[in-house]
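Ready for a few exercises? Take a look at the picture first, then work through the tasks one at a time.

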Amino acid sequence: MKFKFAILALLLSLWPPAHAEYADVVINRQAEQNGMRPVVFPHWFHRIRFRCRVCHLELGFKMRVAGNVITMADIISGKFCGACHNGDIAWSVENCDICHSGRPGLPSGIYGADQTMGPGKW
Amino acid sequence: MGGFAMALAEAGHWLPLKEDNIHDPRSPAARVMQESGQALGELAKRAPDTAGNQVRWVRLLEENVLQPRGSLKDPNFKMQVLDRDVYLDIGGSMNVVRFPHRAHTLWLDCKNCHDHIFLPKAGGTRIEMYEILQGNQCGICHGAVAFPLTECQRCHSVKQVDFEAMYRENRLPANSAISIQPGKKPPPYFRK
């Protein structure tokens, strides 16, 4: 009986901690400092609709976490996220909470990408 | 050990938004946003995978399950797809690497990698596994958005004996290239 319990405890301890969908990017350069939740950008949703080229060439997003300085002014004037999130191609920027949906205190990073458990610095 | 358990737990399983430790479950958006499992679960019925988002993105594209657009500006834009494999053999203990331009150029523009990450010449750039693990070179995407670096065999896919035989017998694809790494000796069978 104790043996079975030990096995169960071992298996449960191997259960992975909760983590975001692979390639979710948390952007928290300025959001939390300015009283908003950190931004969570889900790659999966966008990959279904766009090839990498659209954002990472046409819209100028650098392929590096927190490598882009994106202000609300930029977005409202149609740069970066605002190229689509303007009410035409995608929902407009008044929907603050859909982007600013991260839990408090989350540092910028790309999540779900810890599978190599190596010295990666994504 | 933990990684294996994670892989088992993950295959065909996507965490709900409220439990993913990233989204704030108290955020109004948590009630409104689509769950990743809803979309990816559907895609996984056609092309499941055991790593990353657990769908085979390239296969979904090639089978026309997805038709993501390649340009916002030009509605008639066609991706510049280059069908050219680059082989990398430094005589180490891992299989020879086959880099397929085709799978990459279905998603990316040439300028996404050339010239600032890789010189547009086989053997022009010294490619190092350490750099890749640090999130440079291939690691800019692999481990971040594309399949993670735990999937060794997807890049290291050609046995050295097989590669050497293909090379000697002139059976390598017509437009493939071999990367002779700068600062490293070419493989012994390689003839200039």
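**Exercise 1: Place a glycine**

Gly139(B) sits in the loop between helix H6 (129-133) and helix H7 (152-155) of chain B; helices here are DSSP runs of H or I with at least four residues, strands are E runs of at least two, and both are numbered from the N terminus. A quick word on the ground rules: this is a predicted model, where local features need pLDDT of at least 70 and side-chain atom pairs count only at pLDDT 80 or more, while totals for chains, interfaces and linings use all residues. Residues are numbered from 1 along each chain, chains are lettered from A in the order in which they are written, and side-chain values use heavy atoms, leaving out hydrogens and water.

Task: is Gly139(B) buried or exposed?

Solution. Start with the cut-offs: buried means under 20% relative accessible area, exposed over 50%, and partly exposed in between, with a 1.4 Å probe and protein chains only. Gly139(B) has a relative accessible area of 0%, so it's buried.

**Exercise 2: Describe the interface**

Task: how many residues of chain A are in contact with chain B, and which element gives the largest share of that side?

Solution. Step one, count: 51 residues of chain A touch 62 residues of chain B, where contact means heavy atoms within 4.5 Å. Step two, the area: about 5100 Å² is buried between the two chains, and carbon and sulfur atoms give 63% of that. Buried area is the accessible area (1.4 Å probe) that two parts lose on being put together, summed over both. Step three, the salt bridges: there are two between chain A and chain B, each a side-chain nitrogen of Lys or Arg within 4 Å of a carboxyl oxygen of Asp or Glu. One of these pairs Arg53(A) with Asp109(B), at 3.0 Å from N to O. Step four, the elements: among those giving two or more residues to chain A's side are helix H2 (43-47) and helix H3 (52-58). The largest share, six residues, comes from H3(A).

**Exercise 3: Find the core**

Task: which residues have the most contacts inside the largest nonpolar core?

Solution. A nonpolar core is a set of buried Ala, Val, Leu, Ile, Met, Phe, Trp, Tyr and Cys residues joined through side-chain atoms within 4.5 Å. The largest one has 16 residues, and Ile48(A), Leu40(B), Leu43(B), Val55(B) and Trp57(B) have the most contacts inside it. Next, find the main supplier: H3(B) gives the most, with four residues. Finally, zoom in on Val55(B): beyond its neighbours within four places in sequence, its contacts include Leu40(B), Leu43(B) and Leu60(B).
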